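Visitor: I would be grateful for a guided discussion of this structure. May we take it strand by strand and then turn to the interior?

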Amino acid sequence: MSETILLKQSEIKELITMKEVIESVETAYAEHARHRVQMPAKKYLFFKEQKGDLRIMPCFMRGMNEAGVKCVNVHPENPVKHGLPTVMGVIELVDPKTGFPVAVMDGTWITNMRTGAAAGVATRYMARKDSKTLGIIGAGNQAYTQLMAINEVMDIECVKVFCRTCKSREDFAKRASTAFGVDVKAVTNAREAVEDMDVLVTTTPSTSPVVMEEWVSPGTHINAMGADAPGKQELESGILTKSGVIIDCWEQARHSGEINVPVAQGVLTRQDIRGKIGDVVVGRMNGRESDEEITVFDSTGLAVQDVVTAWKVYEMAKRMELGEKINFLE
C-alpha cells in the first residue's frame, strides 16, 4: 500500500447519511465502554487574542483495528469576521500495522454530523418514549445537524429555536421546516424554547448560563452540546444538581464539558455523575429512572466518534472509487 485517498467535503456528503453516522457513533460509544479503545483526552492550543483554539484528537480502536487523528479548530467569530465555519477539521486515518496514512479527509462535515449523531444516540436512550417537542438554543450548523439526528430517533411534532440574532433563527426555521417536514418556529427568547419542551438541545459557545433551572419541566431530556472548553457553560448549575447526568468521558467533561464549571466550583463531584453514555448503550445502566426525571447528556466529543465514522467513509470511498489518490512518499 503506497497511496493515500484524499476526500473533500462534497465527496463525503455522497458517502454517508445521518442514519449511518448515528449507527457509527453508537458503535463508538459501545467500544469505548468495553475498554477496546486507546484514546487520550483531547489536547488544546488556545489562541486567546484570536478568540479560538485548536484540538488534537487521536484514537486507536483495538477491536476494530482502526486508528486515526483529528485536528479541529473552534473559532466562534469566524462566520461574521472571516466568512468561514466556526468549526473546521482534517482527519487522517492510519493503518495500525504500518502507520501508513490510508486517508486524509475533510473533518468539518464529519464533526458536525457525528456531534449531531451523539445527541441522536442520547435522545434515543435518555428521552421519554413519548417525547414529541424539541427546543433548540443556537441556530448554526451544529443546531441543524442536531435536528437532523434527533429527527431520525424521535417523532417530532414541534420545534422551537432561539438564538440572539433574529435573522439567523428565522432563516434556520424556514430552512429546517422545508428540509425535515416538521413545524420549526423561531421564538424571541430562550425561555420560550425551553419551557414545556420534551427534549432540549443547547449548541452555543456561551461562558454563562443561557438556560435557567426554573424553565426546565420535569421529564425533560437535555443534550448539552455547546460547552467544549474550560469556562464554557450553557446550563444553570442547579439543573445539573437535580438531574440524572450522563457524560461521554470524565477526563474531558470535567475539563471542558458542561459540568466543568460546577465541578471547578465544587458544586458537582464525580459521584454526582450517573455514568457514561457508552454504559447506557451497552445496557449497564438506564438512561433515565422515571418519566419525571430531568436527564442531561454532557457531550464533549470523542475522537472515537470521528475515527469510526471516518473509517466507514473511507471504506465506502474505496468501494465507490471516490477521492483523489496521492503518494506522499514520492
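**Strand pairing, annotated site and cores**

Guide: In this predicted model, strand E3 (residues 43-47) runs antiparallel to E4, and five bridges join the two.

Visitor: Which residue in E4 is the bridge partner of phenylalanine 47?

Guide: E3 and E4 form a hairpin with four residues between them, and in that turn lysine 51 has a positive phi of about 55°. Phenylalanine 47 has its bridge partner in E4, namely glycine 52.

Visitor: How many bridges join E4 to E5?

Guide: These two strands also form a hairpin with four residues between them, in which asparagine 65 takes a positive phi near 55°. One of the pairings sets isoleucine 56 against cysteine 71 in E5. E4 and E5 run antiparallel, and the number of bridges joining them is nine.

Visitor: Which residue in E4 does valine 37 stand opposite?

Guide: Strand E2 (residues 37-38) pairs with strand E4 (residues 52-61) in the antiparallel sense, over two bridges. Within E4, the residue opposite valine 37 is methionine 61.

Visitor: At which residue does UniProt place the feature "active site"?

Guide: The annotation comes from an unreviewed UniProt entry. The residue concerned lies in strand E5 (residues 66-74). According to that record, the position is Lys70.

Visitor: Does lysine 70 count as buried or exposed?

Guide: Leaving aside neighbours within four places in sequence, lysine 70 is in contact with Arg55, Ile56, Met57, Val90, Ile91, Thr111, Arg114 and Asp306. The cut-off for burial is under 20% relative accessible area. Because its relative accessibility is 2%, lysine 70 counts as buried.

Visitor: Which helix gives the most residues to the largest nonpolar core?

Guide: The largest nonpolar core has 75 residues, and those with the most contacts inside it are Met105, Leu134, Leu147 and Phe172. This core draws at least three residues from each of domain 1 (4-110 + 304-326) and domain 2 (126-302). With 10 residues, the helix that gives the most to this core is H12 (residues 303-320).

Visitor: Which residues are in contact with phenylalanine 172, leaving aside its neighbours within four places in sequence?

Guide: Phenylalanine 172 is among the residues with the most contacts inside the largest nonpolar core. Beyond those sequence neighbours, its contacts are Ile136, Ala139, Gly140, Ala143, Tyr144, Leu147, Val161 and Val184.

Visitor: How many residues has the second, separate core?

Guide: This core is separate from the one just discussed, and its members include Ile239, Leu240, Leu268 and Ile294. Its number of residues is 24.

Notes:
Residues are numbered from 1 along each chain as its sequence is written. This is a predicted model: local features need pLDDT of at least 70, side-chain atom pairs count only at pLDDT 80 or more; totals for chains, interfaces and linings use all residues. Side-chain values use heavy atoms; hydrogens and water are left out. A nonpolar core is a set of buried Ala, Val, Leu, Ile, Met, Phe, Trp, Tyr and Cys residues joined through side-chain atoms within 4.5 Å. Buried means under 20% relative accessible area, exposed over 50%, partly exposed in between (1.4 Å probe, protein chains only). Domain bounds come from an automatic or database domain assignment. Contact means heavy atoms within 4.5 Å. UniProt positions are given in the numbering used here, feature names are shortened, and annotations may be inferred rather than shown by experiment. Two strands pair if DSSP finds at least two bridges between them.
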